[in-house]
Amino acid sequence: MLMKGVTLRGLEVFEALAETGSVARAAEVTGLSQPAVSQQMRNLEGALGVDLVDHGRRPMRLTPAGRSFLGRTQAVLRQLRLAQNELTVMDLTHLSTLSLGVIDDFDNDLTPRLVTILAESMTRCRFKLITAPSHEISEEIKARRLHLAIAASSGEVMEGIVEYPLVRDPYILVCARGAVEAAGGVEAMMQALPILRYDRAQLIGRQIEAHLARQKLEFAERFEIGAHLSLMTLVARGMGWAITTPLGYMRAGRYHEQMEAHPVPFKPFSRTISLFAGTDWADRVPRDVARTMRMLVGDMVIAPALAQLPWLDGELRVMES
């Protein structure tokens with residue numbers, strides 16, 4: 001049981017205030033009046049016996065206790081929103097068939113969770129799932145062999161396809177643990193060790209190569225790897241360095257003790273993971289699946305990633321349509 005004065009509304013107000021730094025903007029987010037926002041915060045801080053925000057600063061900033069409590073608050077609210085979404089939003093009982101393609105970055109935990117939610121909502125539906133790299137998923141949705149697809153966006157406008165952005169996934173640099181210190185810096189390490197490239201047939205490989213070319217950065221051609229985990233294995237063993245994304249990094253969790261991640265030492269860039277659906281589909285189904293996917297990614301991927309790599313805060317994030 002929550003202690004007296006700690007309410008779900010109070011937690012929502014605190015989250016909104018932490019994100020906006022303003023009572024007025026928190027009121028807009030929550031739909032409450034400004035006096036009600038202030039009262040909710042007084043009630044919450046009174047119940048906890050600590051100040052969560054520095055009320056004397058504009059914009060408001062969290063106290064050390066507030067920063068600690070915010071992580072717990074966000075985790076609790078994510079779980080409640082996801083549970084509500086599963087119960088009230090994912091009503092797919094009317095579907096007779098559904099074919100879904102999902103980028104293989106989510107193979108470990110997220111895709112099975114999504115499929116479980118879908119399966120429980122589609123009691124009379126014939127369901128097909130494929131997992132593959134983004135370029136293969138995109139070809140399948142363009143050929144209308146899939147109803148829905150979750151993949152990295154190429155930026156291409158596809159006729160008859162609607163895109164629902166899900167996640168901003170910034171590119172990062174990864175290398176073996178201790179490699180940067182041994183070389184005397186990130187750029188020195190990049191010159192001392194070879195780049196481990198993604199296969200250029202893959203969308204991620206083409207996006208990385210295009211950005212390096214725009215920055216007029218050239219590296220010797222030596223390794224070009226098609227399988228993501230094979231590439232991460234070579235990174236962990238000190239064979240070279242690579243450009244990947246937080247989603248790719250988190251997928252290689254078995255190697256984290258042997259790896260380290262850094263911001264790219266040149267102009268930052270990112271990719272967008274989106275849900276794609278044919279325009280002949282009712283809008284509600286893809287929107288419901290997109291909303292569920294955003295909640296799952298936030299809880300199962302982004303939160304753990306930010307705990308390990310806090311410098312990604314604000315860069316790795318869920319995108320609202």
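Buried means under 20% relative accessible area, exposed over 50%, and partly exposed in between (1.4 Å probe, protein chains only). This is a predicted model: local features need pLDDT of at least 70, side-chain atom pairs count only at pLDDT 80 or more, and totals for chains, interfaces and linings use all residues. Residues are numbered from 1 along each chain as its sequence is written, and side-chain values use heavy atoms, with hydrogens and water left out.

**Exercise 1. The aromatic pairs**

Task: Classify the ring pair of phenylalanine 14 and phenylalanine 69, then that of tyrosine 171 and phenylalanine 269.

Solution.
- Step 1. Apply the cut-offs. Rings of Phe, Tyr and Trp (its six-membered ring) pair if their centres lie within 6.5 Å; planes under 30 degrees apart count as stacked, over 60 as edge-to-face and the rest as tilted.
- Step 2. Count. The structure holds four aromatic pairs.
- Step 3. Take phenylalanine 14 and phenylalanine 69. Their ring centres are 5.7 Å apart and their planes stand at 35 degrees, so the pair is tilted.
- Step 4. Place them. Phenylalanine 14 lies in helix α1 and phenylalanine 69 in helix α4 (residues 64-88), 55 residues apart. Helices (H or I, at least four residues) and strands (E, at least two) are DSSP runs, numbered from the N terminus.
- Step 5. Check exposure. Phenylalanine 14 is buried at 0% relative accessibility. Phenylalanine 69 is partly exposed at 21%.
- Step 6. Take tyrosine 171 and phenylalanine 269. The centres are 4.3 Å apart and the planes at 15 degrees, so this pair is stacked.
- Step 7. Place this pair too. Tyrosine 171 sits in the loop between β6 and β7, phenylalanine 269 in the loop between β11 and β12 (270-278), 98 residues apart. Tyrosine 171 is buried at 4%, and phenylalanine 269 is buried at 10%.
- Step 8. Extend. Tyr171, Phe266 and Phe269 form one aromatic cluster.

**Exercise 2. The three-stranded sheet**

Task: Work out the strand order of the open sheet of three strands, and what packs on it.

Solution.
- Step 1. Use the pairing rule: two strands pair if DSSP finds at least two bridges between them.
- Step 2. Count bridges. Strand β7 (residues 172-176) is joined to β10 by three bridges, antiparallel. β7 and β11 pair over five bridges, also in the antiparallel sense.
- Step 3. Write the order: β10-β7-β11.
- Step 4. Find the edges. β10 (242-244) and β11 (259-263) each have a single partner strand, so one side of each is left without a neighbour in the sheet.
- Step 5. Read the twist. Neighbouring strands are turned by 35 degrees against each other on average, direction ignored. Axes are lines fitted to C-alpha atoms, for helices over the stretch in contact, and angles run from 0 to 180 degrees between N-to-C directions.
- Step 6. Follow leucine 173. Its bridge partner in β10 is isoleucine 243. In β11, leucine 173 stands opposite histidine 262.
- Step 7. Add the helix. α10 (residues 228-236) packs on the sheet and touches β7, β10 and β11; its direction makes about 55 degrees with that of β7. Contact means heavy atoms within 4.5 Å.
- Step 8. Check cover. Four of the five residues of β11 are buried.

**Exercise 3. The nonpolar cores**

Task: Which residues have the most contacts inside the largest nonpolar core?

Solution.
- Step 1. Define the core: a set of buried Ala, Val, Leu, Ile, Met, Phe, Trp, Tyr and Cys residues joined through side-chain atoms within 4.5 Å.
- Step 2. Read the largest core. It has 70 residues, and those with the most contacts inside it are Phe106, Ile150, Val174, Met232, Trp241 and Ile243.
- Step 3. Find the main contributor. Helix α12 (residues 284-308) gives the most, with nine residues.
- Step 4. Inspect methionine 232. Not counting residues up to four places away in sequence, methionine 232 touches Val174, Tyr198, Thr244, Ala252, Tyr255 and Met259.
- Step 5. Note a second, separate core of 19 residues, including Met41, Leu52, Met60 and Leu62.

**Exercise 4. A salt bridge across the chain**

Task: Place arginine 197 and its salt-bridge partner glutamate 221.

Solution.
- Step 1. Apply the criterion: a side-chain nitrogen of Lys or Arg within 4 Å of a carboxyl oxygen of Asp or Glu. The whole structure has 14 salt bridges.
- Step 2. Check the distance. The closest N and O atoms of arginine 197 and glutamate 221 are 3.5 Å apart.
- Step 3. Locate both. Arginine 197 is in strand β8 (residues 196-198), and glutamate 221 in the loop between α9 (203-214) and β9 (223-225), 24 residues apart.
- Step 4. Assign exposure. Arginine 197 is buried at 4%, whereas glutamate 221 is exposed at 54%.
- Step 5. Widen the view. Arg197, Arg200, Glu209, Glu221 and Glu224 are linked in a network of salt bridges.
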